[in-house]
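Work through the exercises below with the sequence and the 3D structure at hand. Try each task before reading its solution.

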Amino acid sequence: MRQYIIGILCIFALSGCCKDESRWVTFIGDSEIARWDLQYYFPTLLTENMGLSGSGIKYLENCAGSINGRIAVVLCGTNDISAEHIEPAEYASLFLEAVKNLAARHTYIISVLPREFKGDSVNINEKIALLNENIKIGADVQGFTYIDIYPLLLKDGTLNRQYSYDGLHLNDLGYEVMSHELKKYLE
Amino acid sequence: MKLLLKHRIIIVLLLCVGYSASAQIHIGLRDNRYARIGYTLKDSYLFTLEHSIYSEKFGFQKARLYVGYKHNWKNLGIQANLYASTLWNGNYQDCGVLATAHYRIFNPWIVYATINPHYDSEYDYMTCFTVATDVEVIKGLALTAQYTTIPEYRLSEKRVRAGLHLSYGNLSVTPLLSIPTDGNTKSIRVLCSFSFSFK
């Protein structure tokens, strides 16, 4: 029995010689990322949570270079797009530039999620849909992988309240849907 | 080759199970997501096989083998387990030691400490630990509080865990609330473990 145990430990020690930093997956973005229990939903991955509640494109710009060589999952934009003066096409271009500057080995962009929050303008989800269209086109050009969660969370043109208690942040069921979709790409 | 090695380990384990009468088998669940079956030989030698039940494809499930030893004196008990695990798709492996000592300070009050040198083939080496205390309120019901850095899944997190130890006959159940100390309330977890022994 002792021989087997020593053998197993040797195999593991040798396999550790090839430590690979590039296998880390860094999740970056706003509160939807910050509130995501990554260890629970992705128990076999090496994950890092760089979500910041209330953040937007400025935060991504400030993080330029910080994901160097790792895999990035980006979900950001809902805090910015709710402001009246933001133009989706212009914003998508700035957003993609900020994502590019993160310098990740590969980047997965999750679509901005639908919302139905207190004080939102009536056309907020049309604006988000337009923003997502622009991000998708730009992501294809840049070589990023675009993951379209938006339609999965939609009901009657707005956020399906089954997936959120407050109309903005996802609940466990919402995270289950998003994680299930993302796993198809990450694994 | 890898598969052959796993088969050999399982055969050795089954042979151990088969050849002693002074033995005990237990089955159970750890932290909601790890099913386990174990065998205790002569009240001291421990063999446990654990398998994850993640909501993942089979290749991403994790199998872990523990081999250990325990001994109790009057108020002091020690237990050491060597473990090694792998995902079935071979993405990563880990191994380490879980060394625990528990001491009964006076009758209803026990303190525990566990040290866990842990090696992950991708993450590299880390040293984790748990300190815990149990207070038995009535027979079969104890309150427990823990501070731990031992991974609940793969990566080390600083967590406070509080809950109950319930035992009745050969069954013990441990529901726990696991709260991260970094203030991220979203990752509060409700964990349940149970074990049933066939004596």
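**Exercise 1.** Give the strand order of the open sheet in chain A, and state how its strands pair.

*Solution.* The model is predicted. Step one is to list the strands across the sheet: there are five, in the order β2-β1-β3-β4-β5 of chain A. Step two is the sense of pairing, which is parallel. In general, the strands of a sheet are paired through backbone hydrogen bonds, in either a parallel or an antiparallel sense.

**Exercise 2.** Find which strands of chain A stand at the edges of the open sheet, and explain why one side of each has no neighbour.

*Solution.* The edge positions belong to β2 (47-51) and β5 (145-147) of chain A. Each of these has a single partner strand, so one of its sides is left without a neighbour in the sheet. From one strand to the next, the twist averages 20 degrees.

**Exercise 3.** Describe the pairing of β1 and β3 in chain A, and name the bridge partner of A:Gly29 in β3(A).

*Solution.* First locate the two strands of chain A: β1 covers residues 25-29 and β3 covers residues 71-75. They pair in the parallel sense, over five bridges. Then look up A:Gly29: its bridge partner in β3(A) is A:Leu75.

**Exercise 4.** Determine which strands of chain A are touched by helix α8, and which are crossed by helix α7.

*Solution.* Begin with helix α7 (residues 124-142) of chain A, which lies across β4 (106-110) and β5 of chain A. Helix α7 of chain A runs at about 155 degrees to β5(A). Next take helix α8 (residues 172-186) of chain A, which packs on the sheet and touches β1, β3, β4 and β5 of chain A. The direction of helix α8 of chain A makes about 155 degrees with that of β5(A).

**Exercise 5.** Turn to chain B: list its secondary structure elements and say how its strands are arranged.

*Solution.* Chain B has one helix and 12 strands. Read from the N terminus, the helix is followed by the strands. The 12 strands close into a barrel, in the order β1-β2-β3-β4-β5-β6-β7-β8-β9-β10-β11-β12 of chain B, with antiparallel pairing. The twist averages 20 degrees from one strand to the next.

**Exercise 6.** State how many bridges join β7 and β8 of chain B, and which residue in β8(B) stands opposite B:Ile115.

*Solution.* Strand β7 (residues 109-120) and strand β8 (residues 124-138) of chain B run antiparallel and are joined by 12 bridges. Opposite B:Ile115 stands B:Phe129 in β8(B).

Note on methods:
Residues are numbered from 1 along each chain as its sequence is written. Chains are lettered from A and ligands numbered from 1 in the order in which they are written. This is a predicted model: local features need pLDDT of at least 70, side-chain atom pairs count only at pLDDT 80 or more; totals for chains, interfaces and linings use all residues. Side-chain values use heavy atoms; hydrogens and water are left out. Two strands pair if DSSP finds at least two bridges between them. Helices (H or I, at least four residues) and strands (E, at least two) are DSSP runs, numbered from the N terminus. Axes are lines fitted to C-alpha atoms, for helices over the stretch in contact, and angles run from 0 to 180 degrees between N-to-C directions. Contact means heavy atoms within 4.5 Å.
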